[in-house]
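Me: Could you take a close look at one part of this model for me, the open sheet and what packs on it? I'd like a connected walk through it.

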Amino acid sequence: MPSSSATSSPGKPAPARWLWLAYSGLALLILGPLLRPGYVLTLDMVFTPRLRLAAVTDNTYLFSALLRLFNVVLPGDVIQRLILAGTFVAAGSGMHLLARRLAIAEIGAYVAGVLYVLNPFTYDRLMAGQYEVLLGYALLPWAVRSLLAFLERPAGCSAALLAVWSMAISIVSIHTFGMVVLLAAIGSVLGLWRYHQQTGYRQLLLRYGLTATALVTIVSAYWLLPLVLGKGSAAAAVARFGAGDREAFATVGSGIVGRLGNIVRLQGFWAETHGLYTLPQAGDRAWGLLALLMWAVIGCGAARLWRRGNRQRFAAVLLGASSIVAIFLAAGALDGWLAAHVPLFAGYREPEKFVAIVALTFAVCAGAGATAIVHYCQSQQWRWAPPVAAGLLLLVPIVYTPTMLWGAQGQLAAVSYPADWAMANQRLNAEHGTFQTLFLPWHLYMYFGFAGRIVANPAPLFFDTPIIASNNPELGDAQPSTGGAIQQSVTRLLRPAAPDPSFAARLAALHIKYILLAKEDDYHRYLYLNSQPGIRLISSSATLALYRNEALQ
């Protein structure tokens, strides 16, 4: 079987408790002011007191079921904090252990772990509220670590462990699961090339690779097979995505050179140009120099990995090749052709997600580079240089993305839903029969005063009775990823005009008995409801107005 000439790690590994404490401290440094009671509401991260099962049986159904189970004993805001803290701890510790497996010294492993947690990619996703993408990203180093072990020694145990991490990623982020597939495919080709002289390696790789694939397929059959067969909600969403979606969510940058420049800075997220949050480089003239310094450490680390033993060189080639492919995909090169000819690739309507692989590679190489620099200082017998160098190297990721610290430097806060919302929910719950409630303003994303920012409409998750809300992202020509005919019907109805005698009856045909108008954003556009025949205002509070449709009894 294949072996490595450098199997021992330099330096004594720190006790496991220090590893978890270190990255728990880093998570605290990020989330500190957000740990008070309340909900952290960002663009797509909307938690409510009652966490619900996914409305459709897609890949996240098991994850939502697990959250629902925890919600029986824990409040929704506590579960949200546990997810966020657990994500950062898992990301840092997973990268740390991956670095140690590659014979990177302890200080280098900490540099790798900190950079993997603190970088523009994770900051963008936190501010956009893509906590499931972040959770998949956090599990990626664990999957890569198991993939390297499997490729080095294909066996039943290593195949099972790789399958477990792949399945764990698949239930939180289907996009990250696709990246695991990409890494496994590239790794398998490289493994066959690297170990082709090992007796029986090809047969073992094929046998246990198929075993791992079979395990993932069987356990994931409830969502994977419908997706592959073009059935179900996920397949329908992919089918809706087109050129308008690719344009709306394209990686940011002026031309291919601009996009590549953003990608290697771990940026290029579409939301960066919409003024939703402060960018790390805002007001920092030296930020470009920090990027150059980081690239220098990364380049030094890549060279060190190449010069080390077979295990390190193989990992360097795997991560390097995967990053080249990821950069190509993130830049949007041939995305139209890939969407048309590669099954399910249209689901990556936001290609910048592939920067996750680049961030992983950068973190590993930065750890190796930090090890090389500290070892050089030690070899020169400069008494204070090694600890000073180690401290400065640990500071680089912090200074590179300072906006991620301490609640995104105050941009995020723990907030509470208005008491009016709970009262309205109780009133709707007291009603009998089957009915639906229309929620206005008619936007998927809008500014909510209690959140202090633009967030996805939380009403469908907050209220217990069925809520009809907009599913239109209103971002260029991007299409809704969920929903159907009822939203289209309501859109046609909600055109401010003179009193319409048929308005109430047309709502009744959609089984809409109540209308909730949140006094947020552009709600004044909907005050024409007060003059609509058959629509009666039954209560009005500081944040909500509740109307009843008299045409539906």
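Reply: Quick ground rule before we start: two strands count as paired if DSSP finds at least two bridges between them. Bear in mind too that this is a predicted model.

With that in hand, the sheet is an open one of five strands, in the order β6-β3-β7-β9-β8, and its pairing is mixed. The edges belong to β6 (467-468) and β8 (535-540); each has a single partner strand, so one side of each is left without a neighbour in the sheet.

Let's start at the β6 edge. Its pairing with β3 (residues 436-440) is parallel and rests on two bridges. If you want a spot to click on, try L438, which sits opposite I468 of β6.

Now hop over to the other edge. Here β8 and β9 run antiparallel, joined by five bridges. The two make a hairpin, with three residues between them. One pair to look at is R536 and its bridge partner in β9, R548.

Then there's the helix to add to the picture. α20 (residues 419-429) lies across β3, β7 (512-518), β8 and β9 (544-549). Relative to β9, α20 runs at about 20 degrees.

So, to put the sheet back together: β3 is the strand that pairs in parallel with β6, β8 and β9 supply the antiparallel hairpin, and α20 lies across four strands, β3, β7, β8 and β9.

Definitions and conventions:
Residues are numbered from 1 along each chain as its sequence is written. This is a predicted model: local features need pLDDT of at least 70, side-chain atom pairs count only at pLDDT 80 or more; totals for chains, interfaces and linings use all residues. Side-chain values use heavy atoms; hydrogens and water are left out. Contact means heavy atoms within 4.5 Å. Axes are lines fitted to C-alpha atoms, for helices over the stretch in contact, and angles run from 0 to 180 degrees between N-to-C directions.
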